[in-house]
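Q: Please take a close look at one part of this structure, the salt bridges, and set them against the fold around them.

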Amino acid sequence: MKRISSLFMAVVAVAVGALLVNSGLIKLPESLTPRATSTGPIPARQTDTIRVATWNIQTFGEAKLQDPLAMNVIVEVLRNFDVIAIQEVRAQSQEVVPQLVAMLNAGGQHHYDYVIGPRLGRSSSKEQYAFVFDQASIEVDRYQLYTVNDPDDLLHREPLVGWFRARAAT
């Protein structure tokens with residue numbers, strides 16, 4: 001019960017922090033801007049709506065990355081969102097998510113970037129969580145990316161927490 005209460009408090013703290021940042025009561029340093037993954041300026045956001053998704057792309061690794069049909073569907077779905085929490089990144093290489101982002105940005109119309117958490121899990125099968133986000137509409141605070149502390153090892157894979165801010169719409 002103590003562990004559940006601690007996890008609940010962590011989630012509440014993140015939600016309150018996000019509310020304070022979004023309301024303008026707390027300002028994050030301007031130096032915390034995302035790195036560009038494509039050439040050229042990032043276009044301004046055209047709407048005040050943010051689209052958020054989470055997706056467990058089951059066993060997302062090198063094999064799925066090499067499947068053109070699967071990747072076409074994945075890329076087309078992801079392009080509909082501003083922030084996507086991707087679950088079950090399972091690969092030996094750290095290049096899987098950067099390759100996905102390159103596919104999202106192909107053609108120069110999109111400007112996605114990503115942050116990724118550590119490999120987690122009790123078994124030999126380690127997984128990562130990643131946040132993929134459209135830089136035209138979202139900024140991430142790279143200093144506020146962390147996994148929830150689980151000192152009693154009650155969670156098989158601890159949640160990844162990220163702090164995001166919507167860019168101003170034009």
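A: In this predicted model, the side chains of arginine 167 and glutamate 139 meet in a salt bridge, with 3.3 Å from N to O. Arginine 167 sits in the segment after β8 (164–166) and glutamate 139 in strand β5 (residues 138–140), so the bridge joins distant parts of the chain, 28 residues apart. Glutamate 139 counts as buried because its relative accessible area is 13%, under the 20% limit. Arginine 167, at 22%, is partly exposed.

The search of the whole structure finds nine salt bridges. Another of them is formed by glutamate 127 and arginine 157, whose closest N and O atoms are 3.5 Å apart. Glutamate 127 belongs to the loop between β3 and β4, and arginine 157 to the loop between β6 and β7, so this pair ties together parts that are 30 residues apart in sequence. Both of these residues are buried. Glutamate 127 and arginine 157 are also linked with Glu88 and Arg90 in a network of salt bridges.

The loop between β6 (146–147) and β7 (160–161) also holds aspartate 153. Aspartate 153 counts as partly exposed because its relative accessibility is 43%. Its C-alpha is 9.3 Å from that of arginine 122, although the two residues are 31 apart in sequence.

A further salt bridge joins the side chains of aspartate 82 and arginine 51, at 3.2 Å from N to O. This pair also links distant parts of the chain: aspartate 82 is in the loop between α3 and β2, and arginine 51 is in the loop between α1 (2–23) and β1, 31 residues apart. Aspartate 82 is buried, with a relative accessible area of 3%, whereas arginine 51 is partly exposed at 38%.

Several of the loops named above adjoin strands of one sheet. It is an open sheet of four strands in the order β1-β2-β4-β3, with mixed pairing. Its edge strands, β1 (52–60) and β3 (112–116), each pair on one side only. Neighbouring strands are turned by 25° against each other on average, direction ignored. Strands β2 (residues 83–89) and β4 (residues 128–134) run antiparallel and are joined by five bridges; in β4, valine 132 is the bridge partner of isoleucine 84. Helix α3 (residues 68–78) packs on the sheet, where it touches β1, β2 and β3, and its direction makes about 165° with that of β1. Helix α4 (residues 96–105) also packs on the sheet, touching β1, β2, β3 and β4, and its direction makes about 165° with that of β3.

The largest nonpolar core has 21 residues, of which Phe60, Ile86, Leu100 and Val132 touch the most other members. Two or more residues come from each of β1, α3, β2, α4, β3 and β4, and α4 gives the most, with five. Leaving aside neighbours within four places in sequence, the contacts of phenylalanine 60 include Met71, Ile74 and Leu100, as well as Glu88 and Arg90. Glu88 and Arg90 are the residues already met in the salt-bridge network. A second, separate core of ten residues includes Val83, Val115, Ile138 and Val140.

Notes. Residues are numbered from 1 along each chain as its sequence is written. This is a predicted model: local features need pLDDT of at least 70, side-chain atom pairs count only at pLDDT 80 or more; totals for chains, interfaces and linings use all residues. Side-chain values use heavy atoms; hydrogens and water are left out. Two strands pair if DSSP finds at least two bridges between them. Axes are lines fitted to C-alpha atoms, for helices over the stretch in contact, and angles run from 0 to 180 degrees between N-to-C directions. Contact means heavy atoms within 4.5 Å. Buried means under 20% relative accessible area, exposed over 50%, partly exposed in between (1.4 Å probe, protein chains only). A nonpolar core is a set of buried Ala, Val, Leu, Ile, Met, Phe, Trp, Tyr and Cys residues joined through side-chain atoms within 4.5 Å. A salt bridge is a side-chain nitrogen of Lys or Arg within 4 Å of a carboxyl oxygen of Asp or Glu.
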